[in-house]
Amino acid sequence: MTWAIPCPAQPFLAIEGSDARFPVRRIYCVGQNYAAHAREMGSNPDQEPPFFFSKPADALVADGTTVPYPPGTENLHHEAELVVAIGTGGTNIARDAALDHVWGYAVGNDLTRRDVQATAKKIGRPWDMAKGFDHSAPCGPLHPVAAVGHPSSGRISLTVNGEPRQSSDLSDLIWPVADVISYLSSMVALAPGDLIFTGTPEGVGPLVPGDTCVVEIDGLGRLTTRIGTPAA
């Protein structure tokens, strides 16, 4: 086969303790999956089923990257998240079998153009440009299930320039990982290489050029992202 243009590079994540790489196919994200965050965004967590949005796979950036402040926003926000990597795909996956489809876990940061999102929500338009922009998915190295198991509790936190912004526990997820996988697989066919950002706790807030943002999850290490000046 002859391609008309050069093939795009394959997005991937590093794997903790290995020279191998994990190829990434799609990135799904769960909206408002911590009750306190749902409330700070004006929603009622007791009334809504899980909902999802996506980021392009090439929005991934590795630990330690300096991300240019994105165009089109004056209110870039951080969102600390547990990331799930799918190793075995399927549709209509039963909840009690869902964790068997997980390859590993990582620390993520769902960068968000909050002002763009607020405008889109107000007029009933999609969130794509609020969530799926370049460099919007910082993610640390994957930790295989064989090494870390399936974390269902443990501290998730975020600091900006050393100052605490977000702090919660994975046990506070409204929809735990197994529920998320089962529900999402009823809507789309999951496949090896898919990532799921599982939602953020309360305390989201702004980032500006010069900030250093650090997300930590017990047992999964930390993810450091620096915010640079806008790209020329």
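**Close-ups of a predicted model**

**View 1. Ile 181 and its partners.** Not counting neighbours within four places in sequence, Ile 181 is in contact with Val 84, Ile 86, Ile 93, Ala 98, Val 102, Leu 190 and Ile 196 (contact means heavy atoms within 4.5 Å). Keep in mind that this is a predicted model, where local features need pLDDT of at least 70, side-chain atom pairs count only at pLDDT 80 or more, and totals for chains, interfaces and linings use all residues. Residues are numbered from 1 along each chain as its sequence is written, and side-chain values use heavy atoms, with hydrogens and water left out.

**View 2. The largest nonpolar core.** This core has 37 residues, and Val 84, Ile 181 and Ile 196 touch the most other members. A nonpolar core is a set of buried Ala, Val, Leu, Ile, Met, Phe, Trp, Tyr and Cys residues joined through side-chain atoms within 4.5 Å; buried means under 20% relative accessible area, with a 1.4 Å probe and protein chains only. Helix 5 gives the largest share, 5 residues (helices are DSSP runs of H or I, at least four residues, and strands are runs of E, at least two, numbered from the N terminus).

**View 3. A second core.** Separate from that one sits a core of 20 residues, including Phe 22, Val 24, Phe 53 and Ala 59.

**View 4. Strand 18 and its two partners.** Strands pair if DSSP finds at least two bridges between them. Strand 6 (residues 66-68) runs parallel to strand 18, with 3 bridges, and Pro 68 stands opposite Gly 228. Strand 17 runs antiparallel to strand 18, with 6 bridges; here Thr 212 stands opposite Arg 226.

Methods: Buried < 20%, exposed > 50% of the residue type's maximum accessible area, 1.4 Å probe, protein only.
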